[in-house]
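Student: Please take a close look at one part for me, the way helices pass each other, and explain it slowly, as I am new to this structure.

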Amino acid sequence: MSQDSSSLDRRILIDSISDYLAQLGEEGLEGIPFEPARPSPAQASEAVAQSAQGALVKSPARPVKAPAEVGPELFSVYPGLETTQTLEELRNFIGDCKRCKLAPGRTNLVFGVGNPQAELMFVGEGPGADEDERGEPFVGRAGQLLTDIIERGMRMRRQEVYICNVVKCRPPGNRNPEPDEVAACEPFLMRQIDVVRPKIIVGLGTFAVQSLLKVKIPISKLRGKWHELRGIRMMPTFHPAYLLRNPGDKRLVWADIQEVMKALGKEIPARKG
Ligand code: SF4
């Protein structure tokens, strides 16, 4: 490669990194400057090196590393949590949890349900009224739609997958969980993921996905692309409750689910008609 084409490539790379950072800033990603200065050639080289290490990866062909992946230090908040080896042990560890302010309002702690060795895990935001009442995630109307996606769309049984939420107790009035509640409950979800160790995680809805990936990017921009959480491929998609209000977007969820099926080596059913 000549020196001219090499410096042209470098200039294109610098421009594309600048544009990408500006786009992330507009979307509210914390820690990224809104108007990034154009880097010097030396800074550009450093950015390329960081990209090669996975710090800033945009290629759709590779999973994107979560910007703030949670390390083992998260478990130190609850000594002994990291020693739980099964879901039963983890559930016993959580016990009659009162570690955050959601505890007094719950009827049942909604831990999770499904196959402890599932290849596929769905993670939603938190229990609603039906889930709180029954102690099981995704059992209301939105839950029925998720079951349809799994059973009629993916041709799997609901019992084959694992389903849980970011927080285990119902936020009052179905509001979003607050940051301190997420922080208190997150170690349990991370341990749940480590214990089940699925091949694929599907993040359901804005709140769950933003909490898992530690970003503020809208779900409409995150969905349909592979991300990575604790070394596991993660596909964000819309929450079934959103689909009940916006049935026209079911086709987008089906496109995301088809990607998941391909990654799991499952046959995609032919479209009727
Ligand atoms: S939401 Fe999580 S941390 Fe809070 S009380 Fe329930 S189980 Fe405990």
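Tutor: A crossing is left-handed if the near helix is turned anticlockwise from the far one by less than a right angle, and right-handed if clockwise. The model is predicted, so local features need pLDDT of at least 70, side-chain atom pairs count only at pLDDT 80 or more, and totals for chains, interfaces and linings use all residues. Residues are numbered from 1 along each chain as its sequence is written, and side-chain values use heavy atoms, leaving out hydrogens and water.

Begin with helix α3, residues 87-94, and helix α6, residues 179-196 (helices are DSSP runs of H or I, at least four residues, numbered from the N terminus), whose axes come within 10 Å and cross at roughly 165° (axes are lines fitted to C-alpha atoms over the stretch in contact, with angles from 0 to 180 degrees between N-to-C directions). The two, α3 and α6, are therefore roughly antiparallel to each other (angles over 145 degrees count as roughly antiparallel, under 35 as roughly parallel, 65 to 115 as roughly perpendicular and the rest as oblique), and α3 passes α6 with a right-handed crossing.

Turn next to helix α5, residues 141-153, and helix α10, residues 250-263, whose axes come within 12 Å and cross at roughly 50°. That angle makes α5 oblique to α10, and the crossing of α5 and α10 is right-handed.
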